[in-house]
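The following exercises concern one structural model. Each task is followed by a solution in steps.

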Amino acid sequence: MAIKMPHAVKPDTDRKADAFIRAKPTLTDPDAGKTVVNMRFDVALLKRIDEAARKQGISRTAWLHVAASKALE
Amino acid sequence: MILSVAHIKGGVGKSLLPVNIAAVLAQRGRDVLVIDADEQGSAATFAQIRAEANPQPAQFATIRLCGAAIRQQMTKLGEKYDEVVIDTGGRDTGSLRAALTVADVVLIPFQPRSVDLWAGAPIAALVAEAKHVNEALRACSILNMADSQGHDNEDAFDALKTIDGVEPLALAIVRRKAFPNSFSNGLSVAEHTPRDPKAVDELLSVVDALYIHRVNGYQDASRRQA
């Protein structure tokens, strides 16, 4: 037969592992509801953003999220 | 080797260990992948800051995975890297369980506090359950955010010895500012200035204890700098 269903039959270990893993819920995908955007940024401004983010110990993305949220409030 | 740093309890200072260990391994020339399976995403943030650091320290790859995907992806990714470090959140989740099914070693940090040590029995039970799937899993415990003085560390170590199926490492990571300070700059304590020699020695001792059979094969530059 040319058609093969790869997960139709799982080895015993995989089935046991699946049961073990699924016994507890997996938290929501942290990236769910988010999208990737490409933006043109002034290099000097981006540098200042990175420096501000670094001082707060957060990522550039997290810093921009906070700044945008504050601006919209 | 696949190392998972895991606990079912939060607040044990767990987030600092995986990235510090990964950074030391990268500094030693190993090709390292960090899987951030913690919803807080601290390891991914650390890696992002690290990538933007100047001068650039030795880099490691970081991806975010959760649940059964960790087990599925590890079958492919595990072969591509010398070392894999998985950071799971401080709860019993599908992600933590998936990590236990693929890890060679699970490192379980404990603070030298009664309430933390009480969590020893349930995490040991979970490890025992995981061994039905992953027979070769080695479980180690370590005192983390330990006291710089007093008897609580010794008492806690004695308590760790009573946890079935979990081997206590005779080491401790003491609560030192160097850890959070270096973390916020995307660096391990071994790379951070001002250098805290005690913190560096503690970290490198943990890495050596976990990777001793692999350390002998390559140059330990980070230890020399200490």
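**Exercise 1.** Does B:Ile63 count as buried, partly exposed or exposed, and at what relative accessibility?

*Solution.* The model is a predicted one, in which local features need pLDDT of at least 70, side-chain atom pairs count only at pLDDT 80 or more, and totals for chains, interfaces and linings use all residues. Residues are numbered from 1 along each chain as its sequence is written, chains are lettered from A in the order in which they are written, and side-chain values use heavy atoms, with hydrogens and water left out.

Step 1. Buried means under 20% relative accessible area, exposed over 50%, and partly exposed in between (1.4 Å probe, protein chains only).

Step 2. B:Ile63 has a relative accessibility of 28% and therefore counts as partly exposed.

Step 3. The residue B:Ile63 belongs to strand β3 (residues 61-64) of chain B; helices (H or I, at least four residues) and strands (E, at least two) are DSSP runs, numbered from the N terminus.

Step 4. Beyond its neighbours within four places in sequence, B:Ile63 is in contact (heavy atoms within 4.5 Å) with B:Leu33, B:Val34, B:Ile35, B:Asp36 and B:Leu77.

**Exercise 2.** Describe the interface of chain A and chain B, beginning with its extent and ending with its salt bridge.

*Solution.* Step 1. Chain A has three helices and zero strands, and 11% of its 73 residues count as buried.

Step 2. In the interface, 22 residues of chain A are in contact with 26 residues of chain B. The two chains bury about 2000 Å² between them, 64% of it on carbon and sulfur atoms. Buried area here is the accessible area (1.4 Å probe) that two parts lose on being put together, summed over both.

Step 3. The rule finds one salt bridge across the interface of chain A and chain B, where a salt bridge is a side-chain nitrogen of Lys or Arg within 4 Å of a carboxyl oxygen of Asp or Glu. The partners are A:Asp14 and B:Arg71, at 2.9 Å from N to O.

Step 4. On the side of chain A that touches chain B, the elements giving two or more residues are α1 (12-22), α2 (43-56) and α3 (60-72) of chain A. The largest share, seven residues, comes from α1(A). By class, the residues of this side are eight nonpolar, five polar and nine charged. Ala, Val, Leu, Ile, Met, Phe, Trp, Tyr, Cys and Pro count as nonpolar, Asp, Glu, Lys and Arg as charged, and the others, Gly among them, as polar.

**Exercise 3.** What surrounds B:Arg71?

*Solution.* Step 1. B:Arg71 is placed in helix α3 (residues 68-77) of chain B. Because its relative accessibility is 14%, B:Arg71 counts as buried.

Step 2. Not counting residues up to four places away in sequence, B:Arg71 touches A:Thr13, A:Asp14, A:Ala17 and A:Ile21 of chain A, and B:Ala98, B:Thr101, B:Val102 and B:Val133 of chain B.

Step 3. The side chains of B:Arg71 and B:Thr101 make a polar contact (3.2 Å). A polar contact is a pair of N or O atoms within 3.5 Å; within protein, one must be able to donate a hydrogen and the other to accept it, and residues adjacent in sequence count only if both atoms are side-chain atoms.

**Exercise 4.** Which residues have the most contacts inside the largest nonpolar core?

*Solution.* Step 1. A nonpolar core is a set of buried Ala, Val, Leu, Ile, Met, Phe, Trp, Tyr and Cys residues joined through side-chain atoms within 4.5 Å.

Step 2. The largest has 40 residues, and B:Ile70, B:Ile86, B:Leu100 and B:Val106 have the most contacts inside it.

Step 3. Another core, of 37 residues, lies apart from it and includes B:Val19, B:Leu107, B:Leu203 and B:Leu210.

**Exercise 5.** Which parts of chain B does the salt bridge of B:Asp116 and B:Lys9 link?

*Solution.* Step 1. The closest N and O atoms of B:Asp116 and B:Lys9 are 3.6 Å apart.

Step 2. The pair links distant parts of the chain, 107 residues apart: B:Asp116 in helix α5 (residues 114-117), and B:Lys9 in the loop between β1 (2-5) and α1 (16-27) of chain B.

Step 3. B:Asp116 is buried, with a relative accessible area of 3%, whereas B:Lys9, at 23% relative accessibility, counts as partly exposed.
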